[in-house]
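Dear colleague,

Please find below the structure that I am handing over to you. My notes on what was found in it follow directly after.

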Amino acid sequence: MSEILEQLHNIGIVPVVVLDDVKDAEPLGEALCEGGLPCAEVTFRTAAAEESIRILTQKFPQMLVGAGTVLTTEQADRAIAAGAQFVISPGLNPKVVRHCQERGVVMTPGVQTPSEIEQALELGLSVVKFFPAEPAGGLKMIKALAAPYTSLSFMPTGGISEQNVREYLAYSRIVACGGSWMVPKDLIAQGEFGKVKELVRNAAAIVKEVRG
C-alpha cells in the first residue's frame, strides 16, 4: 500500500465531511485533530468543498485531507489543486481513476460487484471503496468478495455507525471505514465543535480498542 493508504489504515476511521460554509472548516479541523482522527474526506457535494480542503491542508499540515464524491476529472483537478492528498468516488469511472493516477494522487473508487473489482484490478488498484456498505450487504458481502480477490483491501462507507464499526475494523482486509456519525451536519451548522470533538474522541477510542 502507498504511504497515504498506510496512514488511513493507522487512523482507522475516515470522517466523511459535508461542509456548507467555509468558516466551519478551521474549527472542524481543530475538533478532528484534537479528538484523535486527524483526517477528513470532504465531499464535493457543496460549493464550500474546494476552499474547505484548501483551509484544512494549510492550517493543519498534520491532517490527511481528501476529496470525496469526485465524479469528474475537472473535480479531481480542483480537489488536487486545493491540496487533496487522496480522491474518493462513489463508483468506478476508469477515466477519473486513470486521471488521478497520472496526477500521482491516491484514488479509491467505489465498487459493489466482482465485475467492478476486476476493472479496479485491471487499473492497478489494491484498495477500493465498498459503497454503500450496509445496503449492499455489509461485512458479510465484503468477506464474500474478498475471498477470490486475495490482493484487494476495502474502505467501506455508507451506513457504518458507532454501533457496527467494530466488526468492520476487526476484519484484516479493511483499510479504514468511512463514516459521518462523528461529524453530523447539524452540530457543524450550529457551531457545536466541542460536541463534535467528543464524538470524534469516542470514534478514535473504538479504533484503539479494536486495533490496539
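What covers the buried residues of α4? The cover includes α3, β3, β4 (residues 86–88) and α5 (residues 94–103). The buried residues of helix α4 itself are T73, Q75, A76, A79, I80 and A82. After α4 comes G83, which has a positive phi near 115 degrees. Please note that the model is a predicted one, and that every value in this message was computed from it.

**Helix α2 and its partner α10**

Two packed helices are described by the angle between their axes and the distance between the axes. For α2 (residues 25–35) and α10 (residues 193–211), the angle is about 35 degrees and the axes are 8 Å apart. The crossing in which α2 passes α10 is right-handed. On the side of α2, the contact is made by P27, L28, A31, L32, E34 and G35. On the side of α10, F193, V196, K197, V200, R201 and A204 take part. Sorted by class, the contact of α2 with α10 has 8 nonpolar residues, 1 polar residue and 3 charged residues.

An α-helix has 3.6 residues a turn, so residues three or four places apart point the same way. The buried residues of α2 are A25, L28, G29, A31, L32, C33 and G35. Their cover includes β1 (13–17), β2 (39–43), α3 (49–59) and α9 (185–189), in addition to α10. Helix α2 is followed by G36, and the phi of G36 is positive, near 105 degrees.

**Two buried positions, in β1 and α3**

V17 is part of strand β1. It counts as buried because its relative accessible area is 1%, and the cut-off for buried is under 20%. Setting aside neighbours within four places in sequence, V17 is in contact with L28, A40, E41, V42, T43 and V183. V17 and G68 are 51 residues apart along the chain, and their C-alpha atoms are separated by 8.7 Å.

S52 belongs to helix α3. Its relative accessibility is 0%, and S52 therefore counts as buried. Not counting residues up to four places away in sequence, S52 touches L19, V22, A25 and V42. The residues S52 and D21 are 31 places apart in sequence, with 8.2 Å between their C-alpha atoms.

**Backbone geometry in the loops**

Most residues other than glycine have a negative phi, and most peptide bonds are trans. T69 is not a glycine, yet its phi is positive, at about 55 degrees. This residue, T69, is found in the loop between β3 (64–68) and α4 (73–82). With a relative accessible area of 17%, T69 is buried.

The peptide bond that joins F131 and P132 is cis, with omega at about -15 degrees. P132 is in the loop between β7 (127–130) and α7 (138–146).

**The loop between β8 and α8**

Where is T157 placed? T157 is in the loop between β8 (153–156) and α8 (165–169). Its relative accessibility is 11%, so T157 counts as buried. Beyond residues up to four places away in sequence, T157 touches V16, K129, F130, F131, P132, A133 and G178. Both residues of the cis peptide bond, F131 and P132, are thus among the contacts of T157.

N164 lies in the loop between β8 and α8. At 13% relative accessibility, N164 is counted as buried. Leaving out residues up to four places away in sequence, N164 touches E134 and G159. Along the chain, N164 and G138 are 26 residues apart, and 9.7 Å separates their C-alpha atoms.

**Aromatic rings and charges**

How many aromatic pairs does a search of the whole structure find? The search finds 0 such pairs. Charges do sit over rings, however. The charged end of K129 is placed over the ring of F131, 4.5 Å from the ring centre. K143 lies over the face of Y171, where the distance to the ring centre is 5.2 Å. Of these residues, K129 and F131 also appear among the contacts of T157.

With kind regards

Key: Residues numbered from 1 in each chain as written. Predicted model: local features only at pLDDT ≥ 70, side-chain atom pairs only at ≥ 80, totals over all residues. Heavy atoms only, no water. Axes fitted to C-alpha atoms, helices over the stretch in contact; angles between N-to-C directions. Helix = DSSP H or I, 4+ residues; strand = E, 2+ residues; numbered from the N terminus. Left-handed = near helix turned anticlockwise from the far one by under 90°. Contact = heavy atoms within 4.5 Å. Nonpolar A, V, L, I, M, F, W, Y, C, P; charged D, E, K, R; others polar. Buried < 20%, exposed > 50% of the residue type's maximum accessible area, 1.4 Å probe, protein only. Phe/Tyr/Trp six-rings, centres within 6.5 Å; stacked < 30°, edge-to-face > 60°. Lys NZ or Arg CZ within 6 Å of the ring centre and 35° of its normal.
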